[in-house]
Amino acid sequence: MSALVAARGIAKRYGARDVLRPCDFDLGAGAVVALLGPNGAGKSTLLSILAGAVPPTAGHVEREATVGWAPQRPALYGRLTPRENLELFARLGGAEATEVHALVRDLALERAEPASALSVGMRQRLNLALAFLGRPQVLLLDEPTAALDPEQRERLWTRLDDLRRGGGAVCFATQNLDEVERAQRVLRIEDGRLVP
Amino acid sequence: MRAVALLLRKDVLVLRRSPLLLGLLVAYPLVVAALVALVASYANARPRVALVDEDGLPAELVVGEERFDVEATIDRVAREVTLVRLDRAEAEQQLGSGRAVAMLVVPRGFVADLRSMVRSPELELRTTRGALSVRVTQQVQALVYELNRQLQDAYIDANIEYTRLLVEGGTAAFLGREVEVLGLDRARALLDELPPGPRLDRLREFVRTARAALGETDEALRATANPIELREQPAVGRSWVLSAQAQAYAATLTIAFVALLLAAAALAAERDEGALARLRRGLVGPGELVAAKVALAALAALVLGTGLVAAFGLAIELGDVEGGQPWARVPLVAAGLALAGAALGALGALLGALARDARTASLVAVLAALPIVFLGLVPREIAPAAAAAADAFPFAHALRFFTSALFDTDPWGTVARETGWLALLALVYAAVARVAVRRLPA
């Protein structure tokens, strides 16, 4: 099984601090991987590097598939409405306008107020919707269920399951042990070290 | 290019949804422009000059047969400077401390020398170092010129009177003594009473020639005294408030603050909102991100600056003010506004990338804008080093561009030179900003 995302020797250092120590990581088709670890262990940094949002200090990442990314802190424009955010990133990424309509409908994001005025849960739904734009084959999600209500959580797991069955892959960071059961493989990160 | 257009559209939308920020961005530079205008008018305020009268100038002075109102002359000078009567010690103390910029001394014997009409009396002027002393020197020179003009009339009249005395004869006061002068007319009458002879004929011929020559002295003396006369015409043209200079200052100041602040804050906000990390994932390159902020600054400068120029033009039209062409140069000014906005925006983008968050970026932009603006206002002849430093920033070039575009009959040389400077600075700052954005942590 060839890896959709493969990282070799990736590491990240901020000043004198090693946030992520050199490690390899593969995400194959149909895989669902959970990243587990305490706060500040390096989970978010690993996902950001895999997503291409943060350049590694060392090593490299190869992506054989389109990748969607939802950071822990929603990355969006607070003064734009959810639809405007989705339309902007869809145009920048070359996604179709019909996709925006579908995401707004499926995630109940049709709101007139700007994103900064939305509830935390709504903002997280918008954050996830932005990750789903372009129908990526790989999803990298940082604590995706945080602030979601139980119904939205179930919808999310259903969507991720559909992706896995369609040959895609998911890697998510969590601190919730119940959610680890959704994964086929669990990786622990401690003090910047990836522990299989 | 498409990414730049999409980000620009987003930034304009965000700006429209922030009416308070938009209002502040427009109002703040206008307030600063008004304050600078106040400071500029303060620069035109009257400098303090100490008058040390050691000779006890009388209220009225008679020279020849001319009467001079000394108080009125002093009042006339006091319109240009604040004239304060002090004794020498206090005047020297104030001059030393810089409280007075100059000290004008009327030395002992001044009035006596003036009345004697033989020796030129002297006034003593001492100034501090600095730009104001040049103005004071010029004003005192103008005063001395004016006094000399009035005195020379008295001196000429006195000289003409002496000439008349030489021709007609009579009694006159000279160096404080009464003297009896025979006069050429009476000399000729006496010569006529003597027996004729060749030597007497030569004397008669001399008296006739001398009398004819002295008869022409009046006009010759007056013409020698005033080879060129200056005739003053009534004032015309725009007042300072509506002048092309004020218009150029207001437009440049406004766009400097708006472009710097907007570009810096907009770029830093991308990181604040976390959007930078998402954009970096192959959606928008660092160059495109900087270009979007430069375009935003150029657009804002164009809209605001054109509005200001139009407001000035309307005020000139409605006020029926003569002088200048408020509308003819608008297209040229608009092009300059966009270019200057882009150069200032590139500098703002660099500040935004270095500051890293929107609040710090806004503060840094304001802190940077003020010295850049004031550096650009320092005249080259007063501080060449400051003017050379100002060349490294877009403000001084934008000011020169607008002043020339709005004011000069033939602005193309200056406009071409400053366009080159602004384009170069825009490219340099944008290139450095691109590097800074690339190094910016997500």
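The following paragraphs describe a sheet in chain A, the helices packed on it and the surroundings of one loop residue. In this predicted model, six strands of chain A form an open sheet with mixed pairing, in the order 5-6-7-3-8-9. Strand 5 (67-70) and strand 9 (193-195) of chain A are its edge strands, each pairing on one side only, and neighbouring strands are turned against each other by 20° on average, direction ignored.

Within this sheet, strand 6 (residues 138-142) and strand 7 (residues 169-174) of chain A pair in the parallel sense over five bridges, with Asp142(A) standing opposite Ala173(A) of strand 7. Helix 1 (residues 43-51) of chain A packs on the sheet, where it touches strand 3 (32-36), strand 5, strand 6, strand 7 and strand 8 (185-190) of chain A, and its direction makes about 150° with that of strand 6. Helix 5 (residues 150-165) of chain A also packs on the sheet, touching strand 3, strand 6 and strand 7 of chain A, and the direction of helix 5 makes about 145° with that of strand 7.

Gln137(A) lies in the loop between helix 4 (120-132) and strand 6 of chain A. Because 19 other C-beta atoms are found within 10 Å, whereas burial requires 20 or more, Gln137(A) is classed as partly exposed. Leaving aside neighbours within four places in sequence, Gln137(A) is in contact with Leu4(A), Ala65(A), Thr66(A) and Gly168(A). Gln137(A) and Val170(A), which are 33 residues apart in sequence, are 8.5 Å apart in space, C-alpha to C-alpha.

Notes
Residues numbered from 1 in each chain as written. Chains lettered and ligands numbered in written order. Predicted model: local features only at pLDDT ≥ 70, side-chain atom pairs only at ≥ 80, totals over all residues. Pairing = 2+ DSSP bridges. Helix = DSSP H or I, 4+ residues; strand = E, 2+ residues; numbered from the N terminus. Axes fitted to C-alpha atoms, helices over the stretch in contact; angles between N-to-C directions. Contact = placed C-beta atoms within 7 Å. Buried ≥ 20, exposed ≤ 12 C-beta atoms within 10 Å, placed from the backbone.
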